[in-house]
Amino acid sequence: MFPLFVRSYYSLMGGCSSPASLCKRAKNLGYTALALTDSNSLAGLWPFLAACKEYGIRPFIAAEITDQNISGSVICLVRNSVGYGNLCKLITERKINASFTLQHDLIKHSNGLILISSSLSLLCNLQKYNVDLVVNLGDRPTERSSRLWKWAREYGVPAVAIPAVFMAERNESNLLQLMEAIHTKSLLRVSEENCDTSASYM
């Protein structure tokens, strides 16, 4: 059974809650397991582990690795100590290697990791290799999720529905929108009527 996947404020411009607040909220909602999947980073790992211990949550170590050349990404979920070492290597290569690509570098460091993606092109490439692969169907039925589900069934790859959680509480939505506006260099227009954060908080 997969944990709930969340991002914290250690994902630059991609999350606005602390690991502790995410764990506290998960505990209040009855979750027993949580995976912190910050973008290209394990910086929040130790606060996350401490918060999981405090709130009685089973922690899963993970990170979302992005590719500067494509829009797809892969969530790397650690299975064992070998996987943790490989995830650290992936993050390092992503930061220092200008020619880093998921299609090339991910395979070298896939041992001990479960690779989760919603990018069909990445999935097709990864499926050729002996890796632990899971299809991310997203958080709601769409035409894209239908295509991913059909692909998963055709190739016998497990598929899971993973909601996008970027904050612990709904009242953090304005902060999340502000960060998105900064990230995209766009104007910020906030109102209760057009604030759609149903897939962003727990």
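**Figure 1. A single cavity in the predicted model.** Let us start with empty space: this predicted model contains one cavity of 30 Å³ or more. The volume of the largest cavity is about 60 Å³. Its lining is made of Leu-36, Asp-38, Ser-41, Leu-42, Gly-44, Leu-45, Phe-48, Phe-60, Ile-61 and Ala-62. Helix 2 (45-55) and strand 3 (58-66) are the elements that each give two or more residues to this lining. Strand 3 provides the largest share, with three residues. Sorted by class, the lining has seven nonpolar, two polar and one charged residues. If you like to think in probes, rolling one the size of a water molecule over the atoms shows where empty space is left.

**Figure 2. Asn-40 and its positive phi.** Here we look at the loop between strand 2 (33-36) and helix 2, where Asn-40 lies. The phi angle of Asn-40 is near 55°, a positive value in a residue other than glycine. As background, most residues other than glycine have a negative phi. Is Asn-40 buried or exposed? With a relative accessibility of 8%, Asn-40 falls under the 20% limit and therefore counts as buried.

**Figure 3. The largest nonpolar core, seen around Leu-87.** Which residues touch the most other members of this core? Among its 25 residues, the answer is Cys-76, Leu-87 and Leu-115. The elements that give two or more residues to the core are strand 3, strand 4 (73-78), helix 3, helix 4 (102-108), strand 5 (113-117), helix 5 (120-126), strand 6 (132-136) and helix 6 (143-155). Setting aside residues up to four places away in sequence, Leu-87 touches Leu-42, Ala-62, Ala-63, Ile-65, Cys-76, Val-78 and Leu-113. Two of these partners, Leu-42 and Ala-62, also appear in the lining of the largest cavity. More broadly, nonpolar side chains in soluble globular proteins tend to be buried together.

**Figure 4. Two cysteines, Cys-76 and Cys-88.** Cys-76 has a relative accessibility of 0%, so this residue counts as buried. Cys-76 is also one of the contacts of Leu-87. Cys-88, in turn, counts as partly exposed because its relative accessibility is 28%. The disulfide count for the model is zero.

**Figure 5. Gly-85 in helix 3.** This view is set on helix 3 (residues 81-96), which includes Gly-85. The relative accessibility of Gly-85 is 26%, so this glycine counts as partly exposed. Its C-alpha atom is separated by 8.7 Å from that of Gly-112, a residue 27 positions away along the chain.

**Figure 6. Ile-107 and its partners.** Ile-107 belongs to helix 4. Which residues does Ile-107 contact once its neighbours within four places in sequence are left aside? They are Leu-102, Leu-126, Tyr-129 and Val-131. Val-131 is 24 residues from Ile-107 along the chain, and the C-alpha atoms of the two are separated by 7.9 Å.

**Figure 7. Stepping back to the whole fold.** To place the close-ups, it helps to see the protein entire: there are seven helices and seven strands. Along the sequence, these elements follow the pattern β-α-β-α-β-β-α-α-β-α-β-α-β-α. Of the 202 residues, 48% are buried. Among contacts with a separation of 6 or more, 63% join residues 24 or more positions apart.

Conventions. Residues numbered from 1 in each chain as written. Predicted model: local features only at pLDDT ≥ 70, side-chain atom pairs only at ≥ 80, totals over all residues. Heavy atoms only, no water. Helix = DSSP H or I, 4+ residues; strand = E, 2+ residues; numbered from the N terminus. Buried < 20%, exposed > 50% of the residue type's maximum accessible area, 1.4 Å probe, protein only. 1 Å grid on protein atoms, 1.4 Å probe; cavity = no way out; pocket = protein on both sides within 12 Å on 5 of 7 lines; lining within 4 Å. Points joined across faces, edges and corners; volume = space filled by probe spheres on them. Nonpolar A, V, L, I, M, F, W, Y, C, P; charged D, E, K, R; others polar. Disulfide = S-S within 2.5 Å. Core = buried A, V, L, I, M, F, W, Y, C linked by side-chain atoms within 4.5 Å. Contact = heavy atoms within 4.5 Å.
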